[in-house]
Amino acid sequence: MMFIYSYDFETQLLDTDVKAWLCLAHLSGDIELPDKDEMQRWNASCVLDAMQITALRRLMDSTYCQAWKNLEESHDGEHWSEDAMDLRNRKFQGDHFDYQLRCIARDMQDSKYPFDIGTFSRSQRKRGAASASRDDRQ
């Protein structure tokens, strides 16, 4: 059984479309389904990558989340992480958005999606490009 799940509101429509292509690529045999060990290694790698993003680590690591809550409470809601205009907070949000785009870029590459925004290791946004280009690999 396969299902599509998208939790990121900023990229939900694009992410859902790319994941549909990814499912189709698996069903049509364009991508081989990995064996259990390979899938576990891949999942572990994804978790380690996501743990480098503050917003995602707060969701996955209860100890880290509690430490942030304690920090915010100790500042009576006046901590910079509560200020949407603070550059440090904006960097956290930008890192999270960049991670979302890199995941979509990886899935686009894997599924041979007809549009290319880069790779997981280097998205077009990371390079400062204003827009993505057509995929010339076809």
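At the N-terminal end of helix H2, Asp-35 acts as a cap, with a side-chain oxygen placed 3.3 Å from the backbone nitrogen of Asp-37 in this predicted model. The helix that follows, H2, covers residues 36-50; its 15 residues reach 21 Å from the first C-alpha to the last, close to the 21 Å expected at 1.5 Å a residue.

H2 belongs to a protein chain with five helices and two strands, and the order of these elements from the N terminus is α-α-α-α-α-β-β. Of the 138 residues in the protein chain, 32% count as buried. Among the contacts with a separation of 6 or more, 41% are made by residues 24 or more positions apart.

Helix H1 can be read in a similar way. Its 17 residues should span 24 Å at 1.5 Å a residue, and the end C-alpha atoms are indeed 24 Å apart, which agrees. Within H1, the residues Asp-15, Val-18, Leu-22, Cys-23 and Ala-25 are buried. These buried residues cover an arc of only 160° around the axis, which puts them on the same side of H1. An α-helix has 3.6 residues a turn, so residues three or four places apart point the same way. The buried residues of H1 pack against H5, while the face turned away from the buried side carries Leu-13, Leu-24 and Leu-27, which are exposed. Just after H1, Gly-29 takes a positive phi of about 90°.

Asp-15 deserves a separate look on the buried side of H1. This residue lies in helix H1 and has a relative accessible area of 6%; because buried means under 20%, Asp-15 is buried. Leaving aside residues up to four places away in sequence, Asp-15 touches Tyr-5, Ser-6 and Ile-104.

The packing of H1 can also be followed from the side of H5, beginning with Ser-111. Ser-111 has its place in helix H5 and is buried, its relative accessible area being 5%. Not counting residues up to four places away in sequence, the residues it touches are Val-18, Trp-21, Leu-22, Ala-25 and Ile-31; Val-18, Leu-22 and Ala-25 are also listed among the buried residues of H1. Lys-112, by contrast, is found in the loop between H5 and strand E1 (115-116), and with a relative accessible area of 52% it is exposed, because exposed means over 50%. Phi of Lys-112 is near 60°, a positive value in a residue other than glycine.

Elsewhere in helix H5 lies Asp-95, which at 26% relative accessibility counts as partly exposed. The side chain of Asp-95 makes a polar contact of 2.8 Å with the side chain of Lys-91. Asp-95 and Thr-54 are 41 residues apart along the chain, yet their C-alpha atoms are separated by 8.2 Å.

Helix H4, residues 62-74, has 13 residues and reaches 18 Å between its first and last C-alpha atoms, close to the 18 Å expected at 1.5 Å a residue. At the start of H4, a side-chain oxygen of Asp-61 reaches to within 3.1 Å of the backbone nitrogen of Thr-63. Cys-65, Trp-68 and Glu-72 are the buried residues in H4. Seen down the axis of H4, these buried residues fall within an arc of 60°, so they line one face of the helix. What covers them includes helix H3 (54-60) and helix H5 (87-111), whereas Thr-63, Glu-73 and Ser-74, on the other side of H4, are exposed. Just after H4, Asp-76 takes a positive phi of about 50°.

The largest pocket holds about 1200 Å³ of space. Its lining is made of 33 residues, of which Lys-19, Trp-42, Asn-43, Arg-106 and Asp-107 are the closest to its centre. Helices H1, H2, H3 and H5 each supply at least two residues of this lining, which brings the description back to H2, the helix capped by Asp-35.

Key
Residues numbered from 1 in each chain as written. Predicted model: local features only at pLDDT ≥ 70, side-chain atom pairs only at ≥ 80, totals over all residues. Heavy atoms only, no water. Helix = DSSP H or I, 4+ residues; strand = E, 2+ residues; numbered from the N terminus. Expected span 1.5 Å × (residues − 1). Buried < 20%, exposed > 50% of the residue type's maximum accessible area, 1.4 Å probe, protein only. Arc of directions from axis to C-beta. Contact = heavy atoms within 4.5 Å. Polar contact = N/O pair within 3.5 Å; in protein donor to acceptor, adjacent residues only side chain to side chain. 1 Å grid on protein atoms, 1.4 Å probe; cavity = no way out; pocket = protein on both sides within 12 Å on 5 of 7 lines; lining within 4 Å. Points joined across faces, edges and corners; volume = space filled by probe spheres on them.
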